[in-house]
Amino acid sequence: MRLGLLTGGGDCPGLNAAIRAVVRKATVSFADEIVGFRDGWHGVIEDDAIPLDVARCRGILPRGGTILGTSRVNPFKVSGGVERAMATLTRRGIDGVIAIGGEGTLSVARQLAESGVPVVGMPKTIDNDVNGTDFTIGFDTAVHVAVEAIDRLHTTAESHDRVMVCEVMGRHVGWIALYSGLAAGAAIVLVPEEPFDLAVAAERLGRRRNIGRFASIVVVAEGAKPKAGTLELPPPEMDEWDHERLGGIGAVVARELEHLTHLECRFTILGHVLRGGTPTAFDRILATRFGIAAVEAAHDGAWGEMVGLHGAVVSRVPLSEATGELKVVDPGMLHGVAGIFLE
Ligand code: F6P
């Protein structure tokens, strides 16, 4: 087969491991040819591609980012984009496309598959918000980086008896905030799934202060929202694809908590640091397993499906099940597990 491969949306650690696995599996097991489209769907629309083989993929397993480049270009939002993308695939004799991406890229994959384009999806995003898989490529690394940073904030917080507010990415879900907050022993975690009231958070911080000289860590997801009428946030900026550009709530939360508690507060925004650098072993293995499964899916003609992790098993789900609705944090995890420690 001649397979097209692309990475779309925000980059994350583990993409190169996935590319390498696709190339290895396709060439070693099936003698396929792999065409790597540059910058996500943009490369398909513009016919911008490079050949990929085992030699080109040497040394990329531990490297962050993506050797193919990425973008949030959506052929359905570009004039003539779908027609041009389809023409590229026909001209190049592409038998199928493996699209590695998050909600945006995979939604395009679903729409194209519905129009008859042979596409298989692979889920990646540090946000872990894609349905149809327990974990996405990149999430584990982002949590790992956040935990290391919060551990460092802990020691300086203890020396000064301060409250440290740490803002993490995650867009409209709180997976990174919850996992990193739990793993790093945060006193408070604020996630988009449950609007917060800083008066409640301040009371909790005060209680901790009264029973001992405890430094406290507050992890806030960039997309966390205050309960209506409790806190004014500046209106969000929009990017060229009409997505909210998030980031900055950590400063507002720190300022307000200092005002409410009279405890000294500082804030740190981890931002894109969570997306950079080398992937964890978990992400390398997940990406490798997904890469192999995606090539097998293409050879089975499982177009319109996505590979995903279900328990310990990698299997397929329809892209229609994986997209459309975001995977939000599990309330059992938020209240059952975190509830015990976040008091
Ligand atoms: O979806 C991944 C993500 O890192 C989000 O957590 C974040 O809100 C967004 O991308 C940032 O996008 P950009 O890199 O375009 O600023």
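Modeller: A helix here means a DSSP run of H or I that is at least four residues long, and helices are numbered from the N terminus. R284 belongs to one of these runs, helix 9, which covers residues 281-299. The model is a predicted one.

Colleague: Why is R284 called partly exposed?

Modeller: Its relative accessibility is 25%. Buried would need a value under 20% and exposed a value over 50%, so a residue in between is called partly exposed. R284 therefore gets the middle label.

Colleague: How far is R284 from C12, along the chain and in space?

Modeller: The two are 272 residues apart in sequence, and their C-alpha atoms are 12 Å apart.

Colleague: Why is F267 also partly exposed?

Modeller: F267 has a relative accessible area of 44%, so it is neither under 20% nor over 50%. It is placed in strand 11, residues 265-269. The C-alpha atoms of F267 and A251 are 5.9 Å apart, with their positions 16 residues apart in sequence.

Colleague: What makes L6 buried?

Modeller: The relative accessible area of L6 is 0%. The cut-off is under 20%, so L6 is buried. This residue is in strand 1, residues 2-7. From its C-alpha to that of G40 is 5.2 Å, although 34 residues separate them along the chain.

Colleague: And why is T7 called buried?

Modeller: T7 has a relative accessible area of 1%, which is under 20%, so the label is buried. T7 is also in strand 1.

Colleague: What does the side chain of T7 reach?

Modeller: It reaches the backbone oxygen of G69, at 2.9 Å. A polar contact needs a pair of N or O atoms within 3.5 Å, so this pair qualifies.

Colleague: Where does G8 lie, and why is it buried?

Modeller: G8 lies in the loop between strand 1 and helix 1 (15-30). Its relative accessibility is 3%, under the 20% cut-off, so G8 is buried. G8 and H42 are 8.9 Å apart, C-alpha to C-alpha, and 34 residues apart in sequence.

Colleague: Why is T261 buried, and which backbone atoms pair with its side chain?

Modeller: T261 has 15% relative accessibility, which is under 20%, so it counts as buried. It lies in helix 8, residues 249-261. A polar atom of its side chain is 2.6 Å from the backbone oxygen of L257. The side chain of T261 also reaches the backbone nitrogen of L263, at 3.0 Å. Both distances are within 3.5 Å, so both pairs are polar contacts.

Colleague: What sign does the phi of D161 have?

Modeller: Positive: about 55°, in a residue that is not a glycine. Most residues other than glycine have a negative phi. D161 is in the loop between helix 5 (139-160) and strand 6 (163-168). At 11% relative accessibility, under 20%, D161 is buried.

Colleague: What is the phi of R171, and why is R171 called partly exposed?

Modeller: The phi of R171 is near 55°, again a positive value in a residue other than glycine. Its relative accessibility is 22%, which is not under 20% and not over 50%, so R171 is partly exposed. R171 lies in the loop between strand 6 and helix 6 (175-183).

Colleague: Which residues surround the ligand?

Modeller: R72, I126, D127, M169, G170, R171, E222, H272 and R275. Each is on the list because one of its heavy atoms lies within 4 Å of the ligand.

Colleague: How does this shell divide into nonpolar, polar and charged residues?

Modeller: Two are nonpolar, two polar and five charged. Gly counts as polar, so G170 falls in the polar group.

Colleague: How do you know that H272 and R275 make polar contacts with the ligand?

Modeller: A polar side-chain atom of H272 is 2.9 Å from an oxygen atom of the ligand. For an N or O atom in the side chain of R275, the distance to a ligand oxygen is 2.8 Å. The limit is 3.5 Å, so both pairs count.

Colleague: How much of the ligand's accessible area does the protein cover?

Modeller: It covers 79% of the 400 Å² that the ligand has on its own.

Colleague: What makes you say that the ligand sits in the largest pocket?

Modeller: The rule asks that more than half of a molecule's atoms lie within 2 Å of the pocket's grid points. The ligand meets this rule for the largest pocket, so the ligand is said to sit there.

Terms used. Residues are numbered from 1 along each chain as its sequence is written. This is a predicted model: local features need pLDDT of at least 70, side-chain atom pairs count only at pLDDT 80 or more; totals for chains, interfaces and linings use all residues. Side-chain values use heavy atoms; hydrogens and water are left out. Helices (H or I, at least four residues) and strands (E, at least two) are DSSP runs, numbered from the N terminus. Buried means under 20% relative accessible area, exposed over 50%, partly exposed in between (1.4 Å probe, protein chains only). A polar contact is a pair of N or O atoms within 3.5 Å; within protein, one must be able to donate a hydrogen and the other to accept it, and residues adjacent in sequence count only if both atoms are side-chain atoms. Accessible areas come from the Shrake-Rupley method with a 1.4 Å probe; for residues, only the protein chains shown count as cover. On a 1 Å grid over the protein atoms alone, a cavity is a set of points where a 1.4 Å probe fits but cannot get out, and a pocket is an open set with protein on both sides within 12 Å along at least five of seven lines; lining residues have an atom within 4 Å of a point.
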